[in-house]
Amino acid sequence: LNFVWNTNSSTDSLSFFCFFTRERARPSSRGSNYIFDLLNSEINNSMAAVSSYARAFPSFECRSEPDFSGSLPHPKAGVRFSGKYNSGSNRSQVYGLSSLIFRFPPNFVRQLSIKARRNCSNIGVAQVVAASWSNNQAGPEFTPAANAVDSSASAAVTSIGITAGDEEVAVVENADCNDQNVQIKGSTGVKYASFLNSDGSVAIHAGERLGRGIVTDAITTPVVNTSAYFFNKTSDLIDFKEKRRASFEYGRYGNPTTVVLEEKISALEGAESTLIVASGMCASTVMFLALVPAGGHIVTTTDCYRKTRVFIETILPKMGITATVIDPADMGTLELTLNQKKVDLFFTESPTNPFLRCVDIELVSKLCREKGALVCIDGTFATPLNQKALALGADLVVHSATKFLGGHNDVLAGCISGPEKLVSVIRNLHHILGGALNPNAAYLIIRGMKTLHLRVQQQNSTALRMAEILEAHPKVKHVYYPGLPSHPEYHLAKKQMTGFGGVVSFEVDGDLLTTAKFVDALRIPYIAPSFGGCESIVDQPAIMSYWDLSQSDRAKYGILDNLVRFSFGVEDFDDVKADVLQALDSI
């Protein structure tokens with residue numbers, strides 16, 4: 001017997017499916033009908049347990065599917081059976097329990113008795129699995145009356161002792177607190193239950209304790225390694241094609257593990273939907289291709305990740321898409337461009353890479369909305385903990401989840417969050433282009449996000465303190481960090497950010513070789529091209545990212561030979577401080 005919890009959004013109830021796993025009988029000394037007889041015994045035991053629930057809960061229903069050809073009544077359980085089996089014995093038919101559906105009140109998670117689970121495992125053809133139910137699955141027919149039924153049933157469970165045979169059935173109390181996912185009507189995104197008041201708690205539990213589609217009672221989210229999903233029968237496939245049944249169908253179209261990650265990020269961003277993809281660049285490029293039509297126009301900023309700039313300058317023009325590039329603070333040029341051209345999209349990072357410039361997201365969103373242009377903010381340097389781009393008015397926010405979200409320098413991923421109507425357009429193109437995230441990588445990010453708030457707090461603190469120290473050091477010419485009063489967008493950063501991030505850029509008082517000597521003298525950070533992980537990372541952009549350009553061409557982008565980008569990890573502040581100071585002393 002397989003016992004599987006399943007949610008039914010159309011009726012706002014929890015359905016319990018019990019079905020027989022057909023297995024060819026093996027000849028044995030006990031006779032060819034041994035398996036049949038043993039299963040009959042187990043079915044009767046299980047039906048006894050179910051009848052106990054029916055007596056305790058008036059809203060309990062039991063029904064069977066009506067489309068069983070050749071079905072025969074079971075003499076004891078009163079259940080419909082179907083299936084033929086040729087064993088070479090005088091009995092040519094075997095009865096198989098066929099898709100009984102047991103309906104319980106909503107918001108209940110139950111477990112069968114220890115005895116039933118043990119007996120099922122003895123015959124080697126069963127699993128007992130429990131899954132969560134969340135109210136955000138409810139359809140429009142979800143009513144206060146259903147809440148009343150749920151409340152009365154919840155009260156009953158604390159006062160009624162339910163037994164199956166000689167053993168008590170375990171019932172999870174307060175199941176609604178355990179796995180409820182609350183959708184606030186009228187909000188732009190998902191608002192979780194009030195007992196989670198901080199982003200740190202949401203980063204740990206969203207998509208998991210508050211409602212997880214994967215069928216398990218494990219604390220950690222399982223990794224579902226599969227390339228495709230099967231259908232039990234052709235009618236199920238047709239139901240899926242006609243949108244009466246949910247399935248991913250194929251691995252490129254989705255995975256239960258990645259869905260958990262998407263829901264976790266949506267909760268942090270306050271978004272209706274999130275798409276997780278194979279890298280940050282994959283997120284940005286598929287967004288451009290999905291939302292900007294051929295011959296369209298975009299606006300972006302001077303300071304940005306180089307590969308994004310390359311895509312805008314060399315790939316988009318092949319589709320007739322042009323771009324206006326403005327200074328992050330130049331709202332006048334933005335208004336002029338919006339008035340003179342049909343702008344489809346404004347895209348920028350905030351803070352930007354590598355100079356950590358900040359864009360007035362609220363003002364940009366207002367100006368673009370008036371002209372029908374979308375706004376997408378790359379919030380990788382900020383993280384959803386330091387900045388809520390969607391709440392500030394942006395239509396979409398993208399992240400390289402490789403960085404702070406993953407946080408351990410061990411995974412590549414990207415994500416796009418926003419309203420379902422926009423994310424679904426991007427998702428449809430993503431299904432064509434590919435770039436799907438491996439579920440093992442999704443698990444690493446889920447695990448990494450559980451410490452996101454702890455890491456970001458430490459990185460915010462270390463970066464700010466080190467920026468202040470560097471700015472006062474005689475061997476440092478200039479420091480770029482939005483948490484410093486000297487930063488051009490300091491007041492804006494204080495307004496729209498709760499923390500200033502873990503990356504500091506600065507210019508050493510010296511040339512290319514002097515700066516390289518400083519970098520090489522550092523003992524703690526790795527020389528590498530990424531940021532946002534537990535380990536500190538340092539790089540010299542003139543060499544790491546722009547070495548193929550001449551010095552004069554690099555200078556056009558503001559990349560001087562003495563520029564250093566330092567991503568502070570979660571090491572002890574005093575250790576990092578001592579290391580940076582000794583490296584400066586060496587030049």
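Helix axes are taken here as lines fitted to C-alpha atoms over the stretch in contact, and angles between N-to-C directions run from 0 to 180 degrees. Helices (H or I, at least four residues) and strands (E, at least two) are DSSP runs, numbered from the N terminus. The model is a predicted one, in which local features need pLDDT of at least 70 and side-chain atom pairs count only at pLDDT 80 or more, while totals for chains, interfaces and linings use all residues. Residues are numbered from 1 along each chain as its sequence is written, and side-chain values use heavy atoms, with hydrogens and water left out.

Two helix pairs are a good place to begin. Helix H10 (residues 331-340) and helix H11 (residues 361-370) have axes that come within 10 Å and cross at roughly 15°. H10 and H11 are therefore roughly parallel to each other (angles under 35 degrees count as such). Their crossing is right-handed, the near helix being turned clockwise from the far one by less than a right angle. Contact (heavy atoms within 4.5 Å) involves Met331, Leu334, Glu335 and Leu338 of H10, with Leu363, Val364, Leu367 and Cys368 on the H11 side.

For helix H7 (residues 256-269) and helix H14 (residues 439-449), the axes come within 8 Å and cross at roughly 35°. This crossing of H7 and H14 is left-handed, a term for an anticlockwise turn of the near helix. Among the contacting residues are Val260, Leu261 and Ile265 of H7 and Ala442, Tyr443 and Ile446 of H14.

The backbone also deserves a look. Cis peptide bonds join Ser350 to Pro351, with omega about -5°, and Asn353 to Pro354, with omega about 5°. Pro351 sits in the loop between strand S14 (345-349) and H11, as does Pro354. Lys243, although not a glycine, has a positive phi of about 65°.

Asn353 leads on to the second largest pocket, since that residue, together with Tyr305, Lys403, Pro529 and Phe531, lies nearest its centre among 31 lining residues. A pocket is an open set of points on a 1 Å grid over the protein atoms alone, where a 1.4 Å probe fits, with protein on both sides within 12 Å along at least five of seven lines; lining residues have an atom within 4 Å of a point. The second largest pocket holds about 620 Å³ of space, and the largest share of its lining, four residues, comes from H8.

Terms used. Points joined across faces, edges and corners; volume = space filled by probe spheres on them. Parallel < 35°, antiparallel > 145°, perpendicular 65-115°, else oblique.
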